[in-house]
Structures are given as structure tokens and as C-alpha cells.
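The following account leads the reader through one structure, passing from a helix to the sheet beneath and then to the surroundings of a ligand.

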Amino acid sequence: MSTAHHLTPAQVRHYREEGYLLGLPPIVSPAEIPQLNRDLASLMQLLKPGEDAKEIREWHETSRWLFDICMRPRILDIVESIIGPDFYLWASNFFIKEPNTKDIVGWHQDAYYWPLAPHNTVTVWLAFLDSDAGNAAMKVIPRSHLAGLMKHRRSTQTDSVLTLELENGQFREDTAVSLELKAGEISLHDDRIVHGSGANLSARRRVGLTMRYSGTNVKCDLSVNPHFRQYMCRGTDTFKHNPTGTIPTQPFGRLIRQHISVEEAGPEAEKKLRY
Ligand SMILES: O=C(O)CCC(=O)C(=O)O
């Protein structure tokens, strides 16, 4: 196994203390970026009329192109530095904001949505195009992951792509940091950090792919999400908590079923969450 791209102790410390990490070497080279975006266009052709990129959830289960991005050794080296030698991939989503659109991502903590325990999950956000304050880069509230999970309410903003969000006053919005990335670069964030993003009022498209990795000690409550499938990335799984997925062979394929998070599973699932 290559160790060339593992994080330094200072980077790991920053991630643990602040809940996020920037300043990593690119995962995708500038020469690969045009093809990366052409491939994304091929994937998006599988969307039905009226659907948008939000529907592309867990398509790594059916698209080898996406699966291979999630399994890039450079990414896995970095994830391994955070969650240890034994871990799996279980989720991928696109967060795309077309130019001059109103969609926002309300402030939230990912772990509130997920029926997973314990907390040992890292998200890698890969920029397909430059992402900065001008085109609504994702923002995080540093250190907010240390305060535990907070109660979310139903989203009242009709332009929010998520249905649960935090209220003003639950955190210090004025401390937000914008995760600015060049195309091909990644950021990392903890599953409890408060984060979100505004509307893209610029003339530039903004595209991020999130990939979620968990240690093998992390168990999904299958009564909330029976569709959960893990794909081992590194090491061994002595826990055997979760079902394993099948590796796709076709380059681009649509996933027929929907992944279920706590919001979709309803109030009974929400009661099971530990704050
Ligand atoms: O890209 C964004 O604006 C939000 C992404 C997000 O919410 C996530 O990665 O969990």
C-alpha cells in the first residue's frame, strides 16, 4: 500500500480540532478535469425529465466510473489517516449549483440525517470545477463538531435542497469558513460539523461530489435504512455490521431505489437519534 498521500500529524490535528481540512494536493490533475466533467454529463443523461443532480445518490453502486473515483488511492490514503486502517465507502452525492440559481443548502450536521453509530465517518468533497465564495462554495463552522448533535427542524426555506436544518442562534454563523477549492482538489469534513452553502448568483457552475467513508466499527440501523451497502476500501472488517454491495461493471448506470436517511424514514427514526 502506498503511503505517499497520508496526512501529516499537523493535518490530522487540524481536522480533529477544527472538524475540516483544506490545503491537500489535487486528487484529479488539471489535464483530467475536462474529461471528468464530460463523464459527469454522461451520468446526468441518465436522469429522467424533471429530475436534477440531487437524484444521483449512491450511484457508485451502479456506475463503475463513479465507484473508481471513490476508490482512488490518493483519496483512500487521506481517509485512512483520519479513520484508521479498516474502512468502507457507503455514500456518494452530487451537489451541483447551476449559474444564477437560488438553491441553497441549509445549515445542518450530516450525522443528524444518518442512522449510523458510532461517529467515525469522514466526507470527502471533490471539486469538479473551481469552487469559491463567488459561486457558493460550501461553508463550515469550525469546531462545531465538538458540541454534539443539535435538534434540527423542518426546513422552511423553499430553496433549500435539504429538508432539515438548524436554526439561527444554535451556532455562530459569523465564524463560518468558506471551503475554497480549485477543480480537482478536495476538502474533508467531520460528520458532526455544522455546514451549508448559499445560492450561486454567479455566472459560473459549481459542482461538488461528496463521498462518505466510515470505519468498520460503524453500524447502520437497517430498520431505518434497509438499503445501506458498504464497500470495503482498506483493511479487514472484523465487525461485519453491515451488508456488502456488489461492485458495478457498467461505466454509467442509474440506481433504481432511493437511499433512506432519517428525514425520509420519518419521526420514528428521528426519535432513535442520540443527541
Ligand atoms: O456542497 C454543499 O453545498 C453541501 C454539501 C453537504 O451538505 C455535504 O457534503 O454534506
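Helix H4, residues 73–83, is mostly covered, with eight of its 11 residues buried. This description, like all that follows, refers to a predicted model. The buried residues of H4 are Ile-75, Leu-76, Ile-78, Val-79, Glu-80, Ser-81, Ile-82 and Ile-83. Their cover includes helix H1 (9–18) together with strands E2 (87–97), E5, E10 (186–190), E12 and E14 (231–234). After H4 comes Gly-84, which has a positive phi, near 95°.

The strands named above lead to the sheet. Six strands form an open sheet in the order E1-E10-E5-E12-E2-E14, and their pairing is antiparallel. Strand E1 (20–21) and E14 are the edge strands, each pairing on one side only. H4 packs on this sheet, where it touches E2, E5, E10, E12 and E14. The direction of H4 makes about 150° with that of E5.

The pairings can now be followed in more detail, beginning at E1. E1 pairs with E10 in the antiparallel sense over two bridges, and Tyr-20 stands opposite His-189 in E10. E10 is joined in turn to E5 by five bridges, the two strands running antiparallel; here Trp-125 stands opposite Ser-187 in E10. Between E5 and E12, which also run antiparallel, there are seven bridges. Leu-126 stands opposite Leu-209 in E12. As a general matter, strands of a sheet pair through backbone hydrogen bonds, in either a parallel or an antiparallel manner.

Why is E10 largely enclosed by the rest of the structure? The reason lies in its burial: five of the five residues of E10 are buried, and the strand is therefore largely enclosed. The cover extends to both faces of E10. Ile-186, Leu-188 and Asp-190 are buried on one side, and Ser-187 and His-189 are buried on the other.

The ligand remains to be placed. Which residues lie around the ligand? They are Phe-95, Val-105, Asp-110, Thr-123, Trp-125, Met-138, His-195, Ser-197, Gly-208 and Thr-210. Strand E5 (121–127), strand E11 (194–197) and strand E12 (206–215) are the elements that give two or more residues to this shell. By character, the residues of the shell divide into four nonpolar, five polar and one charged. Two of these contributing strands, E5 and E12, have already appeared in the account of the sheet, and H4 touches both of them. Trp-125, part of the ligand shell, is also the residue that stands opposite Ser-187 in E10.

How values were computed. Residues are numbered from 1 along each chain as its sequence is written. This is a predicted model: local features need pLDDT of at least 70, side-chain atom pairs count only at pLDDT 80 or more; totals for chains, interfaces and linings use all residues. A residue is near a molecule or strand if its C-beta atom, placed from the backbone, lies within 6 Å of it. Helices (H or I, at least four residues) and strands (E, at least two) are DSSP runs, numbered from the N terminus. Ala, Val, Leu, Ile, Met, Phe, Trp, Tyr, Cys and Pro count as nonpolar, Asp, Glu, Lys and Arg as charged, and the others, Gly among them, as polar. A residue is buried if 20 or more other C-beta atoms lie within 10 Å of its own, exposed if 12 or fewer, and partly exposed in between; C-beta atoms are placed from the backbone. Two residues are in contact if their C-beta atoms, placed from the backbone, lie within 7 Å. Two strands pair if DSSP finds at least two bridges between them. Axes are lines fitted to C-alpha atoms, for helices over the stretch in contact, and angles run from 0 to 180 degrees between N-to-C directions.
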